[in-house]
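Thanks for coming. I will walk through one structure today, a part at a time, and I will put a few questions along the way.

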Amino acid sequence: MINAALDICGISKLFGNNLANDDISLSLGKGEIVALLGENGAGKTTLMNILFGHYVPDSGKVLIEGRELPPGKPRAAIRAGIGMVHQHFSLAPNLTVLENVMAGTESLWRLRSGTDAARQKLQGICSRFGLTVDPHARLGDLSVGEQQRVEILKALYNDARILVLDEPTAVLTNLESERLFSTLKYMAREGLSLIFISHKLDEVMAAADRIVVLRGGRKVAERLASKTNKAELAELMVGRKVARPVREPSTPREVVLEVAGVSVIIDGVERLKSIDFTLRAGEVLGIIGVSGNGQTTLAHLLSGTVSRDKGVVVLFGEPIGDLSVEGAVLAGIGRVPEDRNNEGAIGEMAIWENAILERLPRFSRHGLVDRSAGQAFARMIIDAFDVRGGKPTTRTRLLSGGNMQKLILGRNLIERPRILIAAQPARGLDEGAVAAVHERLLQARREGTAVLLISEDLDEVMALADRIQAIVNGRLSPPVSAQEADATKLGLMMAGEWNEEHEISDAL
Amino acid sequence: MNAVIDIFASAGLWAAVLRIATPLILGTLGALLCERSGVLNLGIEGIMTFGAMIGWLAVYNGANLWTGLLVAALAGGVFGLLHAALTVTLGLSQHVSGLGVTLFASSFSYYVFRLLVPVAGTPPTIEPFQPIDLPALSSLPFIGPALFTQTLPTYGAIALALVLGYVLFRTPLGLAIRMTGENPHAAEAQGINPMVMRYGAVIFGSALMGVGGAFLTLSAFNSFFPTMVQGRGWICIALVVFASWRPGRALIGALLFALFDSFQLRLQAVLGGGVPYQIFLMIPYLLSIAALVLMARRARVPQALMQPYRRGER
């Protein structure tokens with residue numbers, strides 16, 4: 001390619017017995033946006049770490065504007081104009097935005113930092129790309145979206161001409177993601193070249209000019225975004241046809257859970273404002289909304305970790321006060337928490353320990369943990385739910401996100417719960433795992449479990465839910481049935497636009 | 001009551017405050033520098049003891065006083081190197097390594113001292129730093145004897161607090177050190193070598209601890225005895241928190257503690273009749289705990305403190 005900003009030629013990298021990158025070549029034109037698409041473990045991040053000098057490749061080379069980059073030298077990569085925006089931000093929360101941006105950019109032996117000049121340069125970049133941020137704000141006080149902006153600014157401040165973003169939307173809300181991609185497109189028009197790593201089909205189709213698909217450490221395809229589609233990309237990425245399952249019609253049965261006029265106040269903030277919903281056996285009720293609108297509190301309320309301040313909860317026809325965690329488990333309420341690493345599983349403990357923690361009394365004998373029963377139970381989950389990458393005694397943090405989620409789902413579903421609270425169950429998972437998780441939720445629905453699906457993914461909710469309610473700023477819209485919902489209507493509902501008349505007509 | 005108030009009106013109290021504060025200032029600055037780079041250095045108590053011993057020993061064997069301080073700094077730096085090798089390169093627990101350094105350095109001091117200095121009824125002495133006469137300032141009424149009758153190392157320690165504050169907050173080197181203590185991965189991504197920063201900070205910080213110890217034997221007193229550091233190192237560790245990891249506040253904290261300490265000494269003389277003196281000895285520590293509780297709640301700990309850094313691992 002003429003005018004290539006970056007050429008990656010025949011990169012291979014071996015970790016132990018695992019060939020993370022196998023003879024990968026790609027090029028990036030000036031002003032172009034290339035998406036590096038692949039599932040977790042496909043070698044995307046390894047390739048970018050080689051590009052940025054964090055790893056030394058076993059063979060192959062990197063050319064920037066035709067000149068070879070010395071391997072394994074982050075500083076040389078920065079100087080050559082590569083800027084990296086990591087998935088887990090490389091930022092210091094206690095320092096100011098300006099300090100984060102400036103660190104390492106000046107000779108260490110200068111007797112005084114050129115703070116004023118740096119601030120002017122930063123503000124120049126901010127106004128050129130429309131990225132507003134207060135240089136003197138403490139970084140930890142900023143939102144996640146703003147912190148990512150600082151990461152990008154840091155790269156631009158180092159005069160990056162090639163920007164690499166590693167799963168940039170993993171931590172963003174939908175709105176923040178849209179804003180990010182419009183910024184990236186603007187940057188490309190200004191002459192920057194961009195690579196972003198992703199496993200989300202929607203966003204690579206929406207934002208990239210060209211898409212390079214990696215699978216198992218190899219480049220399997222390269223497509224122009226204008227000449228491909230999501231189905232083809234999904235197949236290339238996974239290596240076989242994957243279709244996300246869609247619910248089949250069914251008749252919901254009796255009401256198992258009814259929540260009426262419930263409010264929850266936490267630290268003086270009303271997180272849930274007089275919400276109403278009913279949940280029936282054999283249906284999926286979708287609660288859709290942008291993160292941070294009270295979903296977490298709702299999930300915690302039904303899992304027994306938050307207590308209500310007002311309102312009534314009726315479980316299996318009987319009014320109950322507040323659920324306790326133990327009560328929830330005993331009542332047959334399964335829970336898939338939103339934050340699987342912190343609330344769903346304990347990474348340092350073995351798979352079998354995580355599998356039995358919430359039913360410990362059953363796996364105790366004479367006050368001692370019955371290890372063999374526990375491990376047998378874990379083995380059952382592993383087999384039934386296709387958890388790959390570990391034995392019962394493997395430490396849980398070694399599992400990939402998708403397999404950890406299968407473990408959590410399995411722990412909850414294996415004993416056919418009457419209710420399942422699934423909060424953002426497919427968040428951050430790759431395409432194959434998403435399909436597997438969805439299939440499990442639908443199977444639970446077929447078997448008569450009442451599923452409450454809390455999600456911010458429109459496609460997910462439309463594919464799985466029988467009825468949908470939007471959550472906005474702690475308030476819950478009246479339900480609409482899946483038949484009468486489309487993306488536009490749900491989008492409006494997520495923005496808080498619903499008419500209260502519905503409440504009467506749709507009250508079930 | 002008047003007798004208690006009179007204590008504050010005596011120039012001697014304030015002169016003692018500066019003298020007592022000096023080793024605390026040096027030790028606190030040293031510990032603060034280490035912690036800003038992300039390494040807790042509990043070796044301080046032992047390093048101060050060793051500095052006190054080796055500095056004194058050098059002078060006792062004929063070196064001049066400044067060479068004595070330099071020897072103490074070098075010895076401190078060597079223990080810093082040991083601590084850094086264990087915690088930075090090998091990534092071992094900073095608590096355990098620090099306590100190990102303290103136990104080793106203290107015992108090693110006593111051993112060397114016993115080996116090289118003959119046992120005598122009264123401990124051998126050297127000629128310590130003398131207060132310097134500052135023209136015009138030292139002859140001011142009250143202020144002169146209160147503030148301007150110190151030895152040069154005391155003025156040096158105060159100046160050093162200001163210099164270190166400047167370096168940490170106004171220079172690229174200081175920013176690189178702070179960045180390393182907050183997030184070494186981010187520092188690495190910006191082209192800063194976190195290993196070099198941590199080694200440098202720990203070695204230099206430990207050298208300051210060594211000098212702080214040597215001040216005790218070369219300026220405050222004129223002889224060495226094994227228990228002389230007496231927990232000052234631990235006070236410094238607390239002062240770092242009290243100071244929210246800021247050198248200027250470390251200076252204030254050290255002076256405040258010294259004020260409590262010299263106040264209780266004089267209070268013993270005034271009120272000591274019916275009260276055991278141990279009560280007075282507790283006062284500065286009790287006040288320190290109270291001050292620590294008040295100040296430390298707002299402190300922002302360096303985020304990577306006590307976290308070993310390994311390249312490429314997140």
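Let me start with a single residue: does Y111(B) count as buried or exposed? Y111(B) counts as exposed, because its relative accessibility is 51%, and the cut-off for exposed is over 50%. Please keep in mind that what you see is a predicted model, so that value, like the others today, is computed from predicted coordinates.

Where does Y111(B) sit? It is part of helix α5 of chain B. Y111(B) also belongs to a nonpolar patch on the surface, about 600 Å² in area, together with L82(B), F104(B), F108(B), L115(B) and L116(B). Helix α5, residues 94–116 of chain B, supplies the largest share of that patch, namely five residues.

Next, confidence. For the complex, the predictor gives an ipTM of 0.88 and a pTM of 0.80. Chain B has a mean pLDDT of 91, with 98% of its residues at 70 or more. For chain A the mean pLDDT is 87, and 97% of its residues reach 70 or more. Where in chain A is confidence lowest, and where is it highest? The lowest mean, 46, belongs to helix α18, residues 502–505, and the highest, 95, to helix α3, residues 97–102. Around that low point, residues 502–508 of chain A have a pLDDT below 50. In the model, this stretch still has twelve contacts beyond near neighbours in sequence.

Now to the interior. How many residues does the largest nonpolar core have? It has 141. The residues with the most contacts inside that core are V97(A), I152(A), M187(A), F196(A), I211(A) and L218(B). The element that gives the most to this core is helix α2 of chain B, residues 11–36, with twelve residues. Take M187(A) as an example from the list. Apart from neighbours within four places in sequence, M187(A) is in contact with F129(A), L131(A), I152(A), L156(A), L163(A), L192(A) and L194(A). There is also a second core, separate from that one, of 44 residues. Among its members are A345(A), V461(A), L464(A) and M493(A).

On to charged pairs. Over all chains, the structure holds 33 salt bridges. I will show three of them, all in chain A.

One joins R218(A) and D22(A), whose closest N and O atoms are 3.2 Å apart. What does this pair tie together? R218(A) is in strand β10, residues 218–224, and D22(A) is in strand β2, residues 18–29, so the bridge ties together parts of chain A that are 196 residues apart in sequence.

Another joins E190(A) and R128(A), with 2.9 Å between the closest N and O atoms. E190(A) lies in the loop between α6 (174–189) and β8 (193–198), while R128(A) lies in helix α4, residues 115–129, so here the parts tied together are 62 residues apart in sequence. E190(A) is partly exposed at 34% relative accessibility, and R128(A) is partly exposed with a relative accessible area of 44%.

The last of my three is between the side chains of K219(A) and E222(A), at 2.7 Å from N to O. K219(A) counts as partly exposed at 30%, and E222(A) does so at 31%. This pair is part of a network: salt bridges with shared partners join E32(A), R210(A), K219(A) and E222(A).

Now a point about the backbone. Most residues other than glycine have a negative phi. Which residues here have a positive one? I have two to show. For E167(A), phi is near 40 degrees. E167(A) sits in the loop between β7 (162–166) and α6 of chain A, and E167(A) is buried, because its relative accessible area is 12% and buried means under 20%. For S274(A), phi is about 45 degrees. S274(A) is placed in strand β12 of chain A, residues 269–280, and is partly exposed, with a relative accessible area of 41%.

I will end with A376(A), in helix α13 of chain A, residues 371–384. A376(A) is partly exposed, at a relative accessible area of 46%. Its C-alpha atom is separated by 8.2 Å from that of W352(A), and these two residues are 24 residues apart along the chain.

Key:
Residues numbered from 1 in each chain as written. Chains lettered and ligands numbered in written order. Predicted model: local features only at pLDDT ≥ 70, side-chain atom pairs only at ≥ 80, totals over all residues. Heavy atoms only, no water. Patch = residues over 30% accessible without salt bridge, like charges linked within 9 Å, V, L, I, M, F, W, Y side chains within 5 Å. Areas by Shrake-Rupley, 256 points an atom, 1.4 Å probe, with all protein chains shown as cover. Salt bridge = Lys/Arg side-chain N within 4 Å of Asp/Glu carboxyl O. Helix = DSSP H or I, 4+ residues; strand = E, 2+ residues; numbered from the N terminus. Buried < 20%, exposed > 50% of the residue type's maximum accessible area, 1.4 Å probe, protein only. pLDDT = per-residue confidence, 0-100. Contact = heavy atoms within 4.5 Å. Core = buried A, V, L, I, M, F, W, Y, C linked by side-chain atoms within 4.5 Å.
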